[in-house]
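Q: Please take a close look at the salt bridges of this structure. Which residues take part, and where do they lie?

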Amino acid sequence: MLTYIIRRLIGAFAMLVVISMVTFGIFYVVPQWAGATPEAMASRYVGRAATPETVHLVAERLGFYDPVVVQYGNFVKGLFAGAQYDYGAGVEHCPAPCFGYSFITGQPVWPDLLDRLPVTFSLAIGAALIWVVAGVAVGVLSALRRGSFFDRLTMGTALAGVSLPIFFTGMISLVVFSYGLGWTPPGGAWTDFSENPAEWAYNLLLPWITLAFLFAATYARLTRAGMLETMGEDYIRTARAKGLRERQVVVKHGLRATLTPILTLFGIDFGLLIGGAILTETTYTLPGLGQYAILAIRTQDMPQVMGVVLVAAMFVVIASLVVDLLYAVVDPRVRLS
Amino acid sequence: MSENEPLLSVQNMEKHFPVTKGLFKRQVGAVKAVDGISFDVFKGETLGLVGESGCGKSTTGRLVTRLLEPTAGKIVFEGQDISHMGQGRLRPLRRDMQMIFQDPYSSLNPRHTVGAIVGAPYRIQGVKTENGVKKAVQDILELVGLNPEHYNRYPHEFSGGQRQRIGIARTLALKPKLIIADEPVSALDVSIQAQVVNLLEDLQKELDLTYVVIAHDLSVVRHISDRVAVMYLGKIVEVADRKSLYSVPMHPYTNALMSAVPVPDPKVRKDRDRIRLKGDVPSPLNPPPACRFHTRCWKAQDICKKVEPPLAQMAEGHQVACHFPENAPELPAAETAAKTG
Amino acid sequence: MSFLDVKDLKIHFPTDDGLVKSVDGLSFGVERGKTLGIVGESGSGKSVTSLGILGLHKGGRARLSGEIWLDGEELIGASTEHVRSLRGKKMAMIFQDPLSSMHPYYTVGQQIIEAYRIHNDVSKQVARKHAVDMLGRVGIPEPARRVDSYPHEFSGGMRQRAMIAMALSCDPELLIADEPTTALDVTVQAQILDLMRDLQREFNSALIIITHDLGVVAELSDDILVMYGGKCVEYGSAEDVFYRPEHPYTWGLLGSMPRLDREPTERLLPIKGSPPSLINVPPGCAFHPRCPYAERTGDKATTEVPALAETEGGHLVRCHMSREERRGLWENEIKPVLETQ
């Protein structure tokens, strides 16, 4: 078991290293290969109006003349130890983890990311709760009543849920529930949990449901399929032969085995979401990581984009690590290998 | 090749599957699936390989047909050493050596017609037939007792027994010399088993085939074999011609195996002298040292835990690997005891 | 009335391809302390029978009719909740494949404890003690330690012992074992059969053993019921069925089996053809397409279902031939051939 955990931890760490290399490569090395001179890259920081001397100076201070390996080393060092940026006029300290400075605002990227994280996290956690509970419940009920009206209705709805894009369902529900009925606040409303939990939930209700609808549909279909398979297993027959009540057969024996593969999917979905629910955040103008990413891409603010990408990747890696470890807890057969 | 030379000769054949552990996938051991076995198969005879799960009988079948490569030892087919031959050079030999599998459901491609399945060997080996492949296939279908008009049907349209006949027809297409049958009847119903056993016997006579039949069912093996080898945890513990093996089994394991087979005679259960082994077969990952049977053997002494008994000739054509064989003729038994003690 | 009395049991499943008559008018009885063996090939309806008694047959669309009396209580008319409360307590079942029949995520102990606590209002500690006790009684070494193992950590034989411990945990009066040893090695099979025999003596329960293996039936059964195409074709004491069989299908089963306890014959005597699919049972006598004597009874074989008639002292046979004709065939044609084996 211990070797299993250690091996997974090492694997996760190696994954993060690879991701940082690839990200660094895409944002700093590829442009240089593509012919961008250090000056061209530096000019992003100082604006088009700067003199060539200034640009040259900045490029030198930012290390763009150094070999790629040294640049990567400085980048990693910045992540862990922080970095010093000498702008000539003074030394600016960028504390760890340093993702550099925004081209546009001139502010360090990390505090911005930290600001945005609670929004995305709130969105993801609420939606995940709804979609897991709803998706699994609907999936189980459909499987137990296969072919019934309920089954056909929910599976039809689920098909719609999978096929309708979020910006569509999101827009429709905004128009109906916010602008039409006035039940929910219009887009852009955000209250921090620590300020007012009730308002926090109220503001997020519509985004939660919209986002959860998409995932719940997938989870319902998967749960139904898994449940149908599990309920045909020999050990379910054994459970019934013991005289167990049908509800316990379903919950203790059927659901337990069905949920294991769904757990894997959930970990990865959740990890991805914390990295930014781009469509939902954009539709409801929520100040989360996804919206931040879109803005960064639109303004070609490389340090910002890179920061989001690295943070998002880290969440996915951590989530799948947690799932792997949980898997070993849930399924005793995994512990052996 | 002279008359007395075996068609297939296996010498000290071993197959170890590595087992890895820990962070760096270090090899910590090996599953000794087959651990140094030797036997010969002569032309026209049937050798039965019998044993319980994990004894290595199926691995042996895969090794001699070279679906697996042995870790050590030699496999000689028709005087040619094929132990480490590459797939390219093996290909022409595959004509002469065919395999019948246990499961007639999964070993036939459900999307191919019977004609395509049985005819495939011709195409793969590029064999020319006199009146075309179709005629040849229909002849074989008739030979194994299937309706030749069913040429265009799919496997799912046949029953289990008929599917096993299709499997047999496929192996016969290229007129092989040696057929390895791995549990050829164990997936079939009782009444169908007998049909397939009879078919295998008829085909042997008609086509002058040589069989290695691998099975866990001692009664089937006895019925079909001329000689029988009993395997336990990767070793052959006893080889003899059918008659002496079943009438005077010498290895305690062979005795126990035969005693364990339920007899379809309600009277016998009351007055039969039984040998009951304790426990299950140990794992081949960590087999007991020396004589591998000593953990379950009622005759085991200290020597059995220390010295591995060699497969020694105890009577004409009867070899046993045991320090204290049952039913052994006086002299050789005393000799072995003297040798090892 | 017997402890378990089944009268004219029918289990039919409507499917898209037609009505599947898995069990079609079956009657039998078992006393406490006695064993009934139900023998049949795949698709004979033997497993559905056992599931039907426990109310575990699949699908809400199954149509059950007839009567099942357990200890004076009728079960087909009883509420599902009542039948559930009897399952595991008064009647229990052992399945073929102990690995797939145990939940992979729960320890063996947890599964036995669960079975015990459904029907007994005791604390977890008491139930755990009982589970350890049961594991010890079925011959699992170090039960106090093994109780916390998972099924995959057990060997095949140990798993089947654990299954038996689970089935016996509430001291059931009726135990049904569906192919309990088919997935096991022969030496382990012998252990399990011994165990079942001993436990039955100890618990004095009624035992039904369902199998395709005549050897296993002969080892355990007092009475034997032979099923074919959803119907009983022969029913009598073990001695009747093995020494004085009167149905051609029973003769065929006996002739198909290679036997260890007799000298081998040149050839086995198989039954021609394959077992029928339950969706398409032949008209008249279901066995007539495979019966070598079908012509003797003329048109009746194909048009009229023969009645299950008593031939002598509780020995029932479903055949159109007269009693004298059947006895003549057995004494003069079948028995001499089988006996030379």
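A: The account below concerns salt bridges and the burial of the residues that form them. This is a predicted model, in which local features need pLDDT of at least 70, side-chain atom pairs count only at pLDDT 80 or more, and totals for chains, interfaces and linings use all residues. Residues are numbered from 1 along each chain as its sequence is written, chains are lettered from A and ligands numbered from 1 in the order in which they are written, and side-chain values use heavy atoms, with hydrogens and water left out.

Over all chains, the structure holds 37 salt bridges (a side-chain nitrogen of Lys or Arg within 4 Å of a carboxyl oxygen of Asp or Glu). One of them joins C:Asp194 to C:Arg197, with 3.2 Å between the closest N and O atoms. Both residues lie in helix H8 (residues 186-203) of chain C, 3 residues apart, about one turn of the helix (helices are DSSP runs of H or I, at least four residues, numbered from the N terminus). C:Asp194 is buried at 16% relative accessible area, and C:Arg197 is buried at 18% (buried means under 20%, exposed over 50%, partly exposed in between, with a 1.4 Å probe and protein chains only). A network of salt bridges links these two residues with B:Arg276 and C:Glu219.

Another salt bridge, at 3.1 Å between the closest N and O atoms, connects C:Arg327 with C:Glu246. This pair links distant parts of the chain, 81 residues apart: C:Arg327 is in helix H13 (residues 323-339) of chain C, and C:Glu246 is in the loop between helix H10 (238-243) and helix H11 (248-256) of chain C. C:Arg327 counts as partly exposed at 32% relative accessibility, whereas C:Glu246 counts as buried at 3%.

Note on methods
Helices (H or I, at least four residues) and strands (E, at least two) are DSSP runs, numbered from the N terminus.
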